[in-house]
Amino acid sequence: MAMRYWLMKSEPNVFSIEDLKKSKVSPWDGVRNYQARNYMRDQMKLGDLAFFYHSNANPSGIAGIAKVIREGYPDHTAFDPKNIHYDPKSDLKKPTWFMVDVEFVKAARSLITLERLKEISELKEMLLLRHGRLSVQPVTAKQWKIIKKLPEWR
DNA sequence: GCCAACGTTGGC
DNA sequence: GCCAACGTTGGC
């Protein structure tokens, strides 16, 4: 199966592209939305690339690129009562929540803001612009290419 | 901090 | 299974 492209959101005051750059690798934990969970559990494959999106930021936008280096596995933070993402309904033997591991690929030289993405007419079908709240979402190869060509990467 | 959009829960 | 109430996301 061909490589897929994704967009993954994170609040930069919690975990930013700079944090990923420092740690090199990180689990993408804490996702508690079924649709996003399904993408991570079932469809994200080794080597897939994802735009790292800074949400709830000032401004929000695409800040870099990460690569999937481990496919879906149970999100252990759901089992830890002290963790902010604890979910008492998730069963160890039949976990509800899954995550992948990602590796830093690159940071954009400057943020590609949401406002800027909205101005690009070929991107108006992007899930980001249509269903704003989904925190892990697919990006088409065409959309990926358009965004990769923007001068903010250079 | 506000609030629209939208996902989840639970009573019926 | 419907849908009102409620909670969360995330732009602004």
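**Figure 1. Strand E3, covered on both faces.** In this predicted model, neither face of E3 is left open: Leu 49, Phe 51 and Tyr 53 are buried on one side, and Ala 50, Phe 52 and His 54 are buried on the other. Counting along the strand, which spans residues 49–54, that makes 6 of its 6 residues buried. What lies across E3? Helix H5 does, built from residues 141–148 and running at about 60° to E3. H5 doesn't stop at E3, though; E1, E4, E5 and E6 also have this helix lying across them.

**Figure 2. E3 and its two pairings.** Take E1 (residues 5–10) to begin with: it pairs with E3 in the parallel sense, over 6 bridges. Look for Met 8 here, which stands opposite Phe 52 of E3. Now switch to E4 (residues 61–74), where the pairing with E3 is antiparallel, again over 6 bridges. His 54 has Gly 61 of E4 as its bridge partner.

**Figure 3. The hairpin turn between E3 and E4.** How many residues sit between the two strands of this hairpin? There are 6 between E3 and E4. If you're checking backbone torsions, go to Asn 56: this turn residue has a positive phi of about 55°.

**Figure 4. The sheet as a whole, with a look at its edges.** Six strands make up an open sheet with mixed pairing, and their order reads E2-E5-E4-E3-E1-E6. Which strands stand at the edges? They are E2 (25–27) and E6 (136–139); each has a single partner strand, so one side of each is left without a neighbour in the sheet. On average, neighbouring strands are turned by 35° against each other, ignoring direction. Over at the E2 edge, 3 bridges join E2 to E5 (residues 98–113), and the two run antiparallel. Val 25 is the residue to pick out on E2, as it stands opposite Glu 103 in E5.

**Figure 5. Where the protein meets DNA strand B.** Which residues are around this DNA strand? The set is Asn 33, Tyr 34, Lys 89 and Arg 133. Of the DNA strand B atoms that come within 4 Å of the protein, sugar and phosphate account for 50%. By residue class, the surface near DNA strand B divides into 1 nonpolar, 1 polar and 2 charged. Zoom in on Arg 133 for a polar contact: an N or O atom in its side chain is 2.2 Å from a base oxygen of DNA strand B.

How values were computed:
Residues numbered from 1 in each chain as written. Chains lettered and ligands numbered in written order. Predicted model: local features only at pLDDT ≥ 70, side-chain atom pairs only at ≥ 80, totals over all residues. Heavy atoms only, no water. Near = heavy atom within 4 Å. Polar contact = N/O pair within 3.5 Å; in protein donor to acceptor, adjacent residues only side chain to side chain. Nonpolar A, V, L, I, M, F, W, Y, C, P; charged D, E, K, R; others polar. Buried < 20%, exposed > 50% of the residue type's maximum accessible area, 1.4 Å probe, protein only. Helix = DSSP H or I, 4+ residues; strand = E, 2+ residues; numbered from the N terminus. Pairing = 2+ DSSP bridges. Axes fitted to C-alpha atoms, helices over the stretch in contact; angles between N-to-C directions. Contact = heavy atoms within 4.5 Å.
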